[in-house]
Amino acid sequence: MEGTLNVENIDLGDNIIQHKTEDKYIKLDEEIYMNLKNYISNKVYPPGYDKAQKRRLRQKAISFLIVKDFLYHKSKGAHSKLGRVIFDKDEQKSIIKSLHDGIIGGCHFGQTATIAKVTDRYWWPCIAASVQDFIRTCASCQIVNLVNKPGSSSLHPIKVTHIFH
């Protein structure tokens, strides 16, 4: 890990993260989460890992760090950002719901705004797809969305033959 990191000074911008490893999206479940966290904290491999599994764990660990006992994902690029790793599907849905239609910060602003809000603070594999799936099932958005409304009908002029007739 490179130096120490003060969590109050972290820039958590609105970068949408698309992270692929070996043409497969990173699978993140509780076991992988705990293995990554343990490896980054203690530099200890899980028992029974062979050479290839250890190499993959080291490669994955490059994109993560631990801040105040939470696992964070580091995005690549000039404006490196951190997002807290969330592996629990129910917690992911709760986060999306609160940032899309919650009392604070909600208001059904659509996919792009919701993805930006979520990626400002959090990370999990296929985050954009999760947000899109949630918004597709949002009843309010489906009613109000312009794509779902029929277009305005065209006007047909009536030929006037007499004045005030």
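This dialogue walks through the helices, cores and aromatic pairs of a predicted model.

Visitor: Where should a reading begin, and which pattern does the protein follow along the sequence?

Guide: A reading can begin with the secondary structure, which comes to six helices and six strands, arranged along the sequence as β-β-α-α-β-β-β-α-α-β-α-α. The protein has 165 residues, of which 33% count as buried, and it exposes about 11,700 Å², with carbon and sulfur atoms supplying 55% of that area. Among contacts between residues at least 6 apart in sequence, 53% join residues at least 24 apart.

Visitor: How does one read the sides of a helix, and which residues of H3 are buried?

Guide: The general idea is that an α-helix has 3.6 residues a turn, so residues three or four places apart point the same way. In helix H3 the buried residues are Gln 92, Ile 95, Ile 96, Leu 99 and His 100, and because they fall within an arc of 115 degrees when seen down the axis of H3, they line one face of the helix. The face turned away from that buried side carries Asp 90 and Lys 93, which are exposed.

Visitor: What do the buried residues of H3 pack against, and how far does H3 reach from its first C-alpha to its last?

Guide: The buried residues of H3 pack against H4, E6, H5 and H6. As for its span, H3 has 13 residues and reaches 18 Å between its first and last C-alpha, close to the 18 Å expected at 1.5 Å a residue.

Visitor: Which residues are buried in H5, and what covers them?

Guide: In helix H5, which runs over residues 127–136, the buried residues are Ile 127, Ala 128, Val 131, Phe 134 and Ile 135. Seen down the axis of H5, these buried residues fall within an arc of 125 degrees, so they line one face of the helix. Their cover includes helix H3 (89–101), helix H4 (111–121), strand E6 (122–123) and helix H6 (139–144).

Visitor: Which residues of H4 are buried?

Guide: The buried residues of H4 are Thr 114, Ile 115, Ala 116, Lys 117, Val 118, Thr 119 and Asp 120, and what covers them includes E5, H3, E6 and H5.

Visitor: How many residues does the largest nonpolar core have, and which have the most contacts inside it?

Guide: A nonpolar core is read by following buried nonpolar residues joined through side-chain atoms within 4.5 Å. The largest such core here has 14 residues, and those with the most contacts inside it are Ile 95, Ile 96, Val 118, Trp 124, Val 131 and Ile 135. H3, H4 and H5 each supply at least two residues of this core, and the largest share, five residues, comes from H5. For a single residue, one may take Val 118, which touches Ile 96, Leu 99, Trp 124, Ile 127 and Val 131 when residues up to four places away in sequence are not counted. There is also a second, separate core of 13 residues, which includes Leu 28, Tyr 33, Phe 64 and Val 85.

Visitor: How is an aromatic pair described, and how many such pairs does the structure hold?

Guide: In general, a pair of aromatic rings is described by the distance of the centres and the angle of the planes. The structure holds three aromatic pairs. One of them joins Tyr 33 and Phe 87 and is tilted, at 4.7 Å centre to centre with 35 degrees between the planes. This pair links distant parts of the chain, since Tyr 33 lies in helix H1 (residues 30–42) and Phe 87 in the loop between strand E5 (82–85) and H3, 54 residues apart.

Visitor: Are Tyr 33 and Phe 87 buried or exposed?

Guide: Tyr 33 counts as buried because its relative accessibility is 9%, whereas Phe 87, at 25% relative accessibility, counts as partly exposed.

Visitor: Why is the pair of Phe 64 and Trp 123 classed as it is?

Guide: The ring centres of Phe 64 and Trp 123 are 5.5 Å apart and their planes stand at 75 degrees, so the pair is edge-to-face. It too links distant parts of the chain, with Phe 64 in strand E3 (residues 64–67) and Trp 123 in strand E6, 59 residues apart. Phe 64 counts as buried at 3% relative accessibility, and Trp 123 counts as buried at 2%.

Visitor: Where is Tyr 72 placed?

Guide: Tyr 72 is in strand E4 (residues 70–74), and at 12% relative accessibility it counts as buried. Tyr 72 and Leu 82 are ten residues apart in sequence and 6.0 Å apart in space, C-alpha to C-alpha.

Note on methods
Residues numbered from 1 in each chain as written. Predicted model: local features only at pLDDT ≥ 70, side-chain atom pairs only at ≥ 80, totals over all residues. Heavy atoms only, no water. Buried < 20%, exposed > 50% of the residue type's maximum accessible area, 1.4 Å probe, protein only. Helix = DSSP H or I, 4+ residues; strand = E, 2+ residues; numbered from the N terminus. Arc of directions from axis to C-beta. Contact = heavy atoms within 4.5 Å. Expected span 1.5 Å × (residues − 1). Areas by Shrake-Rupley, 256 points an atom, 1.4 Å probe, with all protein chains shown as cover. Phe/Tyr/Trp six-rings, centres within 6.5 Å; stacked < 30°, edge-to-face > 60°.
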